[in-house]
Each structure stands twice: as structure tokens, then as C-alpha cells.
Amino acid sequence: FSCGVEMGNGFYLAQTEIDGKEDWYSATSEGGAEGEQVLYIPGGMILSAANIAAEFDGYADAAVGIVEYEEGMQHLIPQFYLFLKVLMEYEQGVDSPYFAWLNSLPRQWNTAVSMDTFCMSCLPPYIRGLCQTERDQCATFKEALQPFEYLSPDTKANDSLLAFAYNVVFTRSFPTDDGSGDTRIAPMADMLNHGYPDNASLMYDPQSMDAYVILKDNVEPGEPLTISYGQPTNPSRFLATYGFLNEAPATYCKILFTNPSQELIDVGYSPELMLFYTDGTVAQPVWDVLLYSRLEKRAELSHVAQAFYQAHMTGDEDTKNAIHAQYQRDTCNALLRHLNHIIIEIEDLKVKMYSIKDASNHPRLPLLTRHHDMVIETFKNVREYVTNMNN
């Protein structure tokens, strides 16, 4: 509070328990109305990737170059600057103006970079791939520290501290929506958990960078304040990056292609589009992608694949629906095979998880079990829906 943070409507932090572990959330003792401000953080407290890059003034170029050189990581340069800053402030200890904030943050995480080898082996392919990507990114960040002269050798060799800094950045930073292209951490506002739908927004003043938490809806006293972390229909992504289970109304269908064609991507091959809903219904892109993937690999049906693709790209729903009707049984059977495969695969993984004798040494297993149960329940609902379609 000595840094100028202002709280309104009785803003406070509260503790609860999830899977036997403490979890914190923010709320107000008085509640509030839509449009009210419940938290203010002065711009001087905000950790801004753009400002950090300017502060380093080229001194981090060698380190940043390693991240830039790694394929598929160029978009993570802002997070790397924040990673460097968190480590530098941590090294300062009590002399850092961020000491109280850093000291309040968790030391135990359920994220991908914190999972042990056994937990990783209990993941089905899609989420395992997401988790491995997170772990590879963290490894690259660690490697990129080596030419950076402003951190001690002890810090660079402290894997636990580096994982902590990575988790802080990737669970608490968000790109701004003001057109600046910046990525920022707003201490105190980072205590707002994810919600779908959310009831608050984090906003920045474009000149001062002051941050405000504004209510998007009326909230009751004690009701958790939440913001959106994005991707509400990809709980596997939330688990890998943030370490919690987002019980959304839909989830990615887990259909994976190693080298999808551009046409398949155009038709809708994307985790954000290819959804299974918890009530058993199936998003249209699932049907489109599954059908097109089967048409394009059969030379004798190339003309049908082309007609379907053109109909999709031009919005010709009549032609699309006619082709879907022609191949409905084949597409349904393919989807049922996929559903059965995933259900059996995850049930086998659950057997493996339950068979471990030292489960207490793997504290993330309860979270993974809940994830697996959610996927199985949704996939079984979809299987029933598709079976009824096919009869």
C-alpha cells in the first residue's frame, strides 16, 4: 500500500482449498455495481515488457537473440524480458520494491514446468504435447540466461528459482489490448483468478500505465472477482500453462494431424474451433475437418474434396450439407472410432495413476484425475450423441 495501491468496496484476498492445497482469490466485502472501480495500481508498479526492454538498452540482446533464434518462440520475447526482470528483482531480496509481492507468490505450482516425470507419463497425447512445449520454452529461457551478465551464476544454476520465475511470468502476465503490443504484470491485480464468464476487467491508462480493475457486472459481497485468461474452451491449455482445471462448457475434440494441409486449416482445424460440448453436441468445424481430412487423402475423391473446400470458402452451405449427408455414416464411424480410442486411452492412464504406491510424492495427480474425468465424461456424452445420429 506504501506504493500507492488503492482498494475499493472492501477489496480483500481470501483463502480456499482445492485438491487439499490452499488457493487464493480476491473478492469485495461490500460487493459492487457494474462499472465500479475496485482496485487501482499505479503505473510505477507495473512490470512492462516494453519498459524493461528500454531499461536494458541493448544489454540483454545476446540473451534475447537465443530466444529469437529458437523456432516458434519469437512471440515470447516480451515474456522473456519479464522473466529477466523477475529474476533480477528476486536477487535484490528485501532491497527490491517488489519484495513483498514476490514473497507472497506460490512456491508450489501445478503447471507443466513443475510436473514430475511420472505425472507427464500420465497425460494423453494432446495435453502432453502442450506440457512439453511449456517445458521446452522454459529450457530455452534458462539457456538464454547464460550470456546475460547481470544475474549471478548461482541464480542461473538454480532450476527451482528459474521455474518459479517462469511460472510467475506465464501465470500472471497478459498482453494489453490498447494496441501497444506490450505484455504486463500488474501486482495485486494478478490475484484475480480466471472466470468464465468473468465479472471484472483489467484496464490501463495509455499515458500513465496506471492499472484499474473495473467490474463488468454486479457482484455480491464475498463473490470471487475474476478476469478472463482467454481460451475458455481449452481446459488442457489452462492446466498446462496455469496449473488449474477450467471446467468449461466445451473442450477441444483432441483430433490431431501431424502435418495438416493449408486447406484443412482453412476448413477449421484449430483447437479453438473443434469443440465437443459437455452436453454431447459437436461443433460444426469438427464435422468439416473430419470429412475433409478423409476426402483429401483419397485420390478418387479429390473432386469431392475440392467441391467441399470451395463451398466452405465461399459460404455455400447447401453444397456443404449435401456432401456431409452423402458421407455422414462414414464420418460418424470415424468420429466414433476416435472417441472410443481417446476414452480407452485415458481410462488406461487413470489405472496407471491409481496403481502408483507413493501417490503422496506426486501431488498433482488429483488435478490430473479431475482433468481426465472431465474429458471422459464429455467424450462419452458425445459418443452417445453421435451413436444416435448414426442409427
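Buried, for this talk, means under 20% relative accessible area; exposed means over 50%, and partly exposed is in between, with a 1.4 Å probe and protein chains only. Helices (H or I, at least four residues) and strands (E, at least two) are DSSP runs, numbered from the N terminus.

The model is predicted, so local features need pLDDT of at least 70 and side-chain atom pairs count only at pLDDT 80 or more, while totals for chains, interfaces and linings use all residues. Residues are numbered from 1 along each chain as its sequence is written, and side-chain values use heavy atoms, with hydrogens and water left out.

Start with helix H2, residues 61–69. Ala63, Val64 and Val67 are buried there. They span an arc of only 95 degrees around the axis, which puts them on the same side of H2. That arc is taken from the directions from the helix axis to the C-beta atoms. The general rule: an α-helix has 3.6 residues a turn, so residues three or four places apart point the same way. What covers the buried residues of H2? Helix H3 (77–92) and helix H6 (125–144) are included in the cover. Contact here means heavy atoms within 4.5 Å.

Next, the sheet. Four strands form an open sheet in the order S1-S4-S10-S9, with antiparallel pairing. Strand S1 (6–7) and strand S9 (200–204) stand at the edges with a single partner strand each, so one side of each has no neighbour in the sheet. Two strands count as paired if DSSP finds at least two bridges between them. S4 (residues 37–41) and S10 (residues 211–215) share four antiparallel bridges. S9 and S10 pair over five, also in the antiparallel sense. In that second pair, Ala200 stands opposite Leu215 of S10. Six residues lie between the strands of the S9 and S10 hairpin, and Met209 takes a positive phi near 70 degrees. S10 is mostly covered, with four of its five residues buried.

Now one residue of S4: Gln37. Buried or exposed? Gln37 is partly exposed, at 34% relative accessible area. Its bridge partner in S10 is Ile214. Leaving out residues up to four places away in sequence, Gln37 touches Gly8, Asn9, Tyr212, Val213 and Ile214. For scale, the C-alpha atoms of Gln37 and Met115 are 37 Å apart, with their positions 78 residues apart along the chain.

On to the cores. A nonpolar core is a set of buried Ala, Val, Leu, Ile, Met, Phe, Trp, Tyr and Cys residues joined through side-chain atoms within 4.5 Å. The largest has 55 residues, and Phe276, Leu295, Leu335 and Val386 have the most contacts inside it. Helices that each supply at least two residues of this core include H11 (284–296), H14 (328–355) and H15 (365–390). Apart from it lies another core of 41 residues, among them Val64, Leu76, Leu105 and Met191. Back to Val386: beyond four places in sequence, Val386 contacts Val282, Trp287, Cys332, Leu335, Leu336 and Leu339.

Last, the cysteines. How many disulfides? With a disulfide defined as a pair of cysteine sulfur atoms within 2.5 Å, the count is zero. Cys138 is in none; the nearest cysteine sulfur, that of Cys131, is 13 Å away. Cys138 is buried, at 4% relative accessible area. Why is Cys253 not bonded to Cys332? The closest cysteine sulfur to that of Cys253 is in Cys332, 14 Å away, too far for a bond. Cys253 is buried too, at 0%.
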